[in-house]
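Please go through the structure below with this briefing at hand. It covers one helix, the nonpolar cores, some charged pairs and one arginine.

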Amino acid sequence: MSHHHGPASATVEFFFSFRSPYSYLAAARAFALPQQYDIELVWRGVRPMAMRGQPLPLAKQLYILRDAAREADALDLPFGPMYDPIGEGVWRCLCVAEYAAEHDRLAAWVITAATAIWGRGVDVRRDDAFVELCRTAGLDSAACLMAIERSDYRERVECNTARLAELGHWGVPTFAFDGELYWGQDRIVDLEHALREAGLLQGASASPRRRVSA
Amino acid sequence: MIGSLRDYLKRRLVPSTVIATSRRRGPARWRMRCRQWLGQPLRVELYFAFDDPYAAIAVPGLARLCSARAVDLRVYPLLQRGIADDPAAGVRALHALQDATRLSRRGDHTGLLRCEPVTADAVAFLAHWCEALAMPADRLRFASAALEALWCDGRSGLQREAFAQLHRQLTGQLPASGDAQGAALARNAQRLRQRGHWESPAACLAGEWFFAHERLAQIAQRLDQYRVGAPA
């Protein structure tokens, strides 16, 4: 399900989890990449580490929250209050992301939902709050409520999660480009360096193209 | 009812409170200023492992940053680090090497030249030698130079004699013999965990933790905020 305007020269896979604060901090910059570089950004929504057997000790959980708060402040993004979406909340957001990708609203949905979780403390398991977010992202809320039950969307998420493991990685946000992995919202600068080195920076005269696929 | 209250506390109240309190720097700022009024320099503690390529960025980088600000940097070598039974430990080590090379290239450095991960056992002697040095300044000098030689100098292997020579040049002493610092190194790891961190290279400033290899600019900013006379 590709939504691009002309073929791109290269692909960048974007592995994202709604339970990862760093994924949230990366989202807007990630979705802006195809406007600057001649790439297709391939969406890979994955299950969180805690939902695939990765240990997450308390010290690490605390560090992540505090460090993400510092980074969010530096990026001028809202951070806190938050509401941990682990479990059904994560699945809802991931399934709607697959639906949104089919309707060219992926970036709007991901940024809206992640900002609500990490910047406004919205419980995405609640139908009223969830429906409101879908509408804000320009999606049909009734269709979204049906999307969260679709097994093919859940299978796609499982494939994405397996793809991350196949590439030899475990964390998010991760970008895969040209055989290399870039892990972390603060590694986008290194990814951009590689994209420029590969001659993928679009010229000033080139019209920006929106290319995001799932 | 109790279940939903517990759910609310766990999912929203506790993590949101952690985030909110992490932004309150007032008490730490006063503690740091009191320290300076008493004539004590600001202090940063850095816990690191020689087998960690990120330490090759963190230790020399933090040493430069602290030296420029007359900040007391204490280094604590580690033999044990990380998360117990971490299934991703192997791939983590490989990724760290690639990522540390890119981070190193960001500055004016040429990047790391070592292509293979190093085991903790293979470089344990460096941790013992470093820990055995009595003077904090000697520890820092040796740690910094040994890490650069190990990770950034393509000519260096893992020969003890080459590092022993470096030790003699920097400290004027022979390296400690044997593995006598095991207990002290275990205490470093215990201190790291007790104070709230688990991994290398972890820098602690006024109770606030930073992964030093990727947060040098943020540490510098915080140090400047804590300086006496700096605007609040």
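The points below are grouped by topic.

This is a predicted model. Its largest nonpolar core has 80 residues. Salt bridges number 41 over all chains.

**Helix α2 of chain B**

- Helix α2 of chain B runs over residues 26–37, 12 residues in all. At 1.5 Å a residue it should span 16 Å, and its end C-alpha atoms are indeed 16 Å apart, so expectation and model agree.
- Four of its residues are buried: B:Ala28, B:Arg29, B:Met32 and B:Arg33. They sit on the same side of α2(B), because they cover an arc of only 130° around the axis.
- An α-helix has 3.6 residues a turn, so residues three or four places apart point the same way.
- B:Trp30 and B:Trp37 lie on the other side of α2(B), and they are exposed.
- The cover over the buried residues of α2(B) includes α9 (216–226) of chain B.
- B:Gly39 follows α2(B) and has a positive phi, near 85°.

**Nonpolar cores**

- In the core of 80 residues, A:Phe18 and A:Trp109 touch the most other members.
- Helix α3 of chain A (residues 88–102) gives the most to this core, with 10 residues.
- Beyond its neighbours within four places in sequence, A:Trp109 contacts A:Phe18 as well as A:Cys93, A:Val96, A:Ala97 and A:Ala100. Its other contacts include A:Phe130, A:Leu133, A:Cys134, A:Ala137 and A:Leu139.
- Another core, of 55 residues, lies apart from the largest one. Its members include B:Leu62, B:Leu112, B:Trp151 and B:Phe210.

**Salt bridges**

- Side chains of opposite charge can pair when their charged atoms come close.
- A:Asp123 forms a salt bridge with A:Arg125, with the closest N and O atoms 3.0 Å apart. A:Asp123 is buried at 11% relative accessible area. A:Arg125 is partly exposed at 28%.
- A:Arg163 pairs with A:Glu166 in a salt bridge, and here the closest N and O atoms are 2.9 Å apart. Both residues lie in helix α7 of chain A (residues 151–166). They are 3 residues apart, about one turn of the helix. A:Arg163 is partly exposed at 23% relative accessibility, while A:Glu166 is exposed at 61%.
- B:Asp72 forms a salt bridge with B:Arg43, the closest N and O atoms being 3.0 Å apart. B:Asp72 is in strand β2 (residues 72–77) of chain B and B:Arg43 is in strand β1 (residues 43–48) of chain B, so the pair ties together parts 29 residues apart in sequence. B:Asp72 is buried, with a relative accessible area of 18%. B:Arg43 is partly exposed, at 29%.

**A:Arg70**

- Is A:Arg70 buried or exposed? It is buried, because its relative accessible area is 13%, and buried means under 20%.
- A:Arg70 is placed in helix α2 (residues 58–75) of chain A.
- Its side chain makes a polar contact of 2.8 Å with the side chain of A:Asp67.
- The side chain of A:Arg70 also reaches the backbone oxygen of B:Trp209, at 3.1 Å.
- Not counting residues up to four places away in sequence, A:Arg70 touches A:Tyr63 in chain A. In chain B, A:Arg70 touches B:Glu208, B:Trp209, B:Phe210 and B:Arg222.
- B:Phe210, touched by A:Arg70, is also among the members of the core of 55 residues.

How values were computed. Residues numbered from 1 in each chain as written. Chains lettered and ligands numbered in written order. Predicted model: local features only at pLDDT ≥ 70, side-chain atom pairs only at ≥ 80, totals over all residues. Heavy atoms only, no water. Helix = DSSP H or I, 4+ residues; strand = E, 2+ residues; numbered from the N terminus. Expected span 1.5 Å × (residues − 1). Buried < 20%, exposed > 50% of the residue type's maximum accessible area, 1.4 Å probe, protein only. Arc of directions from axis to C-beta. Contact = heavy atoms within 4.5 Å. Core = buried A, V, L, I, M, F, W, Y, C linked by side-chain atoms within 4.5 Å. Salt bridge = Lys/Arg side-chain N within 4 Å of Asp/Glu carboxyl O. Polar contact = N/O pair within 3.5 Å; in protein donor to acceptor, adjacent residues only side chain to side chain.
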